[in-house]
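Trainee: I would like to learn how to read a protein model, going slowly from single residues to the whole chain. Could you show me the structure before we begin?

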Amino acid sequence: MKFLPFKRLKALVSVPRTNARLLEAQYIALSRQLPMMYVILLINTLALAATHYAVAPTWLTVYIPLVLTLVGGLRAGIWWHSRGQRISTEQIHKKLTRTNQLTVFIAFGFTIWSLLLFPYGDTYTKSHVAFYMAITVIVCIFCLMHLPSSAMMTTAVVNIAFVAFFATAGNATYTAMAANVFLVSLAMIVVLQNHYGEFTRLVNMQIRTEKLSDDNQRLANEDSLTGLPNRRQFFSMLERELVKAREDGSRLAIGMIDLDGFKPINDSYGHGVGDKLLRQVGERLLAFASDQLHVARLGGDEFGLIMVNAGAESVLVKQGMALCRAMRQPFVIGDIQVTISASMGLVVFPDLASTATECYEFADYALYSSKRETPGELCMFSASQHQRLKRDVLTEQGLRQANVEEEFTLVFQPIIDIRTSRTVAFEALARWMSPKLGSVAPGHFIGVAERIGLVNRLTPPLLAKAMQAAQSWPVDVRLSFNLSAHDCSSMEAVEQLIGVIRGSGFDATRLDLEITETAVIKDLVQAQRAINAFRELGCGISLDDFGTGYSSLSQLHALPLTKLKIDRTFVTDIHQNPASYKIVKSLLALSQDMGLQCISEGVETEAELQALRSLGCTLVQGYLFSRPMLLEQTLSWVGPERDAALVV
């Protein structure tokens, strides 16, 4: 028992090594702060030596300061060089422990030297010594706050000497100063301990968030509602099977299935019944699954099939029709019996599709041909349908010849703060009315523009239009504008957009530029350059469709983001989907930890809104509030009467 106080004291002044992530965070923080501490300390030291140069011995004003400067400069250089270096946990622990040990000697050195100077000079020079010691210990406490053991030892060495010396100096002013410095240092140590506790909790929260992210990654490959592989896993399987089919010279059939009549059932009986129906659909599809047939849920009421070693077309048609017939059998959900059907599109590799993208797009086109022409039946992708897809060529030609100023317009969808029910921003969305093609869907022409590299021709004039429109809104309403991956793919493209923003007269601090997570992951370094350039201009940066690209925390921390936009796939039916609920909860916690605002997209129901509200989400966007509207409508929307209309 007699050794217990010693053990406690030893623990108080030692560096714990049980938490590797905490050690790493301490090391990073100190590598940024300690060079600054030594620079300030040395400047103050040289200033004190200069004021005593004419009255104190040379060894006190020249030689000792020179030694202290060399020691401090060396330590500052070592920590400056450490910035950004990756070293092992053991090396970090040794370095922090060495810092702890050296702190005592350095503190003793500077303290004894300054007290030796006190007897020399007049009242002003003596007061300078007191001021030097008081202000220096405060700087050291601040800069060493992430290594509390070192901060406390420094405080103890300096304060004990300071208080003992000046309290017994026989001068009431110095005694009062000693008391003041003691109380201030004590208060700062308390604040330091509280800050370090919060710092430790933040690091632990990041560890838990990363673990949750890993769990989310696992969930990302499985559909939590049906237990089937999800969209991500489906495309992974498709890529693998395509490789095998190419190597074996075999045929592969890719199918897309969409339920007919599901939405009315979901609307009539509620999402609970809809979810149970989807589970039963998954079970029926799973009954067809084998080593030769893989089934997945791609989202909503859409499912995918991969048939390996596909037989003749007649065999595939027979299998597909059998599956469609199975879907037409009644489903019993509690006391409710419902009947639906399933439309199916099928394409064969390598007959008409040669890549995973073509397999999916062609099967999807066949599916919607089935839904339009023969709902509830199988449609095989044909050569004639392939010809229709060539309309993309016409779209490409139309884009190349388009007069962007005349043919392209913008609509705006509001972003709502649900705490106040007020519009805080509008997201600008492009629309194209082609003289030759008519109205072309954004999902079609944007994809084509990105594929052929023309999106950089569209973005600048559309951004200029959006900012001009936003000039008519109240100053507290922001503009959100989507950037393509191509818009950030080079600094030339970025500089062009910066020129547009500067020349618009629009306040850049009211502009949020949305960049997709996929674009960030594709080229993190270039994305970082682009985002930094926009941030220097004052623009906010939103990471769009967050959660679909599975970027790591390290990637996010490397970007100066201001907002995260949670993709609508996680918001849809969040109140019914435990996995989505957990994912959104973790994403909101992550954004809060990173000091970012978070916007949930695609809110379409009151139930989804209430679920998001319960999680602490404040900014939302979706059809529950408004579809995209024309500029004239936005002016009415943000008018004095809007408050009553937005109460939800």
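Mentor: Let us begin with Ser 31, which lies in helix α2, residues 20-52; helices (DSSP runs of H or I, at least four residues) and strands (runs of E, at least two) are numbered from the N terminus. Please keep in mind that this is a predicted model, in which local features need pLDDT of at least 70 and side-chain atom pairs count only at pLDDT 80 or more, while totals for chains, interfaces and linings use all residues. Residues are numbered from 1 along each chain as its sequence is written, and side-chain values use heavy atoms, with hydrogens and water left out.

Trainee: Is Ser 31 buried or exposed?

Mentor: The general idea is a set of cut-offs on relative accessible area: buried means under 20%, exposed means over 50%, and partly exposed lies in between, using a 1.4 Å probe and protein chains only. Ser 31 has a relative accessibility of 3%, so it counts as buried.

Trainee: Which residues does Ser 31 touch, and which backbone oxygen lies 2.7 Å from a polar atom of its side chain?

Mentor: A contact means heavy atoms within 4.5 Å, and, when residues up to four places away in sequence are not counted, Ser 31 touches Trp 79, Ser 82 and Arg 83. The backbone oxygen in your second question belongs to Ile 28.

Trainee: Which residues does Leu 42, also found in helix α2, touch?

Mentor: With residues up to four places away in sequence again left out, Leu 42 touches Leu 68, Thr 69, Gly 72, Gly 73 and Phe 110. Leu 42 counts as buried, because its relative accessibility is 12%.

Trainee: How many residues apart along the chain are Leu 42 and Val 620, and what separates their C-alpha atoms?

Mentor: Separation along the chain and separation in space are read as two numbers, and for Leu 42 and Val 620 these are 578 residues along the chain and 52 Å between the C-alpha atoms. For Gly 77 and Gly 345, the numbers are 268 residues and 66 Å. Gly 77 has its place in helix α3, residues 58-82, and counts as partly exposed at 36% relative accessibility.

Trainee: With which residues is Phe 182 in contact, leaving aside its neighbours within four places in sequence?

Mentor: Phe 182 is in contact with Asn 159 and Val 163. The C-alpha atoms of Phe 182 and Asn 159 are separated by 6.5 Å, with their positions 23 residues apart along the chain. Phe 182 is found in helix α7, residues 172-219, and its relative accessible area of 42% makes it partly exposed.

Trainee: How should I read the backbone angles, and which peptide bond is cis, with omega near 5°?

Mentor: The general idea is that most residues other than glycine have a negative phi, and most peptide bonds are trans. Here the peptide bond from Phe 349 to Pro 350 is cis, and Pro 350 is found in the loop between β6 (341-349) and α12 (356-373).

Trainee: What is the phi of Ser 421, and what is the phi of Asp 573?

Mentor: Ser 421 has a positive phi of about 60° although it is not a glycine; this residue lies in the loop between β8 (408-417) and β9 (422-434) and is buried, with a relative accessible area of 12%. Phi of Asp 573 is near 55°, again a positive value in a residue other than glycine. Asp 573 lies in the loop between α22 (568-571) and α23 (578-593), and at 17% relative accessibility it counts as buried.

Trainee: Turning to the whole, how many helices and strands are there in the protein chain, and why is the chain more spread out than a compact globule?

Mentor: There are 26 helices and 16 strands in the protein chain. The radius of gyration is 33 Å, well over the 26 Å that the globule rule gives for 648 residues, so the chain is more spread out than a compact globule; the radius is taken over C-alpha atoms, and the rule is 2.2 Å times the number of residues to the power 0.38. Along its principal axes the C-alpha trace spans about 105 × 65 × 50 Å, and 48% of the 648 residues count as buried.

Conventions: A polar contact is a pair of N or O atoms within 3.5 Å; within protein, one must be able to donate a hydrogen and the other to accept it, and residues adjacent in sequence count only if both atoms are side-chain atoms.
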